[in-house]
Amino acid sequence: MITLNINGNQHEVDADPETPILWVLRDTLGMTGTKFGCGAALCGACTIHLDGEAVRSCSTPLSAAEGLNITTIEKATDGSDRVGAAVSAAWVKHDVAQCGYCQSGQIMSATAFLASLPSGSQPTASEIDTAMEGNICRCGTYTRIRAAIADAASNLV
């Protein structure tokens, strides 16, 4: 049994320690907001936070998360986190989602990025692009993603 702290709740999971976190979230715990995209940590659809850092859950084993705080899209967008709420609102304002499949990973990466910035700082387009590298949007909404992140940052000042 492995104890995981997911979205502020303790979960006892009976799984191989090398099982990717993604499959425990989706299949064992029924938390389907985190998506499976490529299975090789290349697309970003499966992004979660481990102690606030964006990681790819499809390639991160349970053993790496034991004792750390896991945050999923369900928690990041429930309104309880100031940065997550700002990102979610900006996503809607800028009509970012097209098909929507990549959006949970995009939002999780954007939230971790903005949370890592010094208070009151406004990231440049280049900084946003660098932070979002590895998050693929097959619909090509990168311009809207960048605008939403910049808008969320300005609302956090």
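Here is a short chat between a trainee and a mentor about the structure above.

Trainee: Before we start, what kind of model is this?

Mentor: Residues are numbered from 1 along each chain as its sequence is written, and side-chain values use heavy atoms, with hydrogens and water left out. Local features need pLDDT of at least 70, side-chain atom pairs count only at pLDDT 80 or more, and totals for chains, interfaces and linings use all residues, as this is a predicted model.

Trainee: Okay, how far does helix H7 reach from its first C-alpha to its last?

Mentor: Helices are DSSP runs of H or I with at least four residues, strands are runs of E with at least two, and both are numbered from the N terminus. H7 covers residues 142-155, so 14 residues, and the expected span is 1.5 Å times one less than that number. That gives an expected 20 Å, and the model comes close to it, at 20 Å.

Trainee: Which helices do the buried residues of H7 pack against?

Mentor: Buried means under 20% relative accessible area, exposed means over 50%, and partly exposed is in between, using a 1.4 Å probe and protein chains only. In H7 the buried residues are Ile-145, Ala-148, Ile-149, Asp-151, Ala-152 and Ala-153. Contact means heavy atoms within 4.5 Å, and the helices they pack against are H4 (82-93), H5 (103-116) and H6 (125-131).

Trainee: Asp-151 has a charge, so which residue does Asp-151 meet in a salt bridge?

Mentor: A salt bridge here is a side-chain nitrogen of Lys or Arg within 4 Å of a carboxyl oxygen of Asp or Glu. Asp-151 meets its partner at 3.2 Å, N to O. Asp-151 lies in helix H7 and the partner in helix H4, so the pair ties together parts that are 58 residues apart in sequence. Asp-151 counts as buried at 13% relative accessibility, while the exposed partner, at 59%, is Lys-93.

Trainee: And which residue forms a salt bridge with Asp-129?

Mentor: The closest N and O atoms of that pair are 2.8 Å apart. Asp-129 lies in helix H6 and its partner in helix H7, so this pair links parts 17 residues apart in sequence. Asp-129 is partly exposed at 35%, and the partner, partly exposed at 27%, is Arg-146.

Trainee: How many salt bridges does the structure hold?

Mentor: Besides those pairs, Lys-75 forms one with Asp-78, with the closest N and O atoms 3.5 Å apart. Lys-75 is partly exposed at 30%, and Asp-78 is partly exposed at 42%. The count for the structure is three.

Trainee: How many residues does the largest nonpolar core have?

Mentor: A nonpolar core is a set of buried Ala, Val, Leu, Ile, Met, Phe, Trp, Tyr and Cys residues joined through side-chain atoms within 4.5 Å. Val-87, Trp-91, Leu-114, Ile-145 and Ile-149 have the most contacts inside the largest one. Helix H3 (73-76), H4, H5 and H7 each supply at least two of its residues. The core's size is 23 residues.

Trainee: How many residues are in the second, separate core?

Mentor: Look for Ile-2, Leu-4, Leu-25 and Leu-50, which are included in that core. Its size is 14 residues.

Trainee: Last one: which residues is Asn-69 in contact with, leaving aside neighbours within four places in sequence?

Mentor: Find Asn-69 in strand S5 (residues 69-71), where Asn-69 is partly exposed, with a relative accessible area of 39%. The contacts are Asn-5, His-49, Leu-50 and Asp-51.
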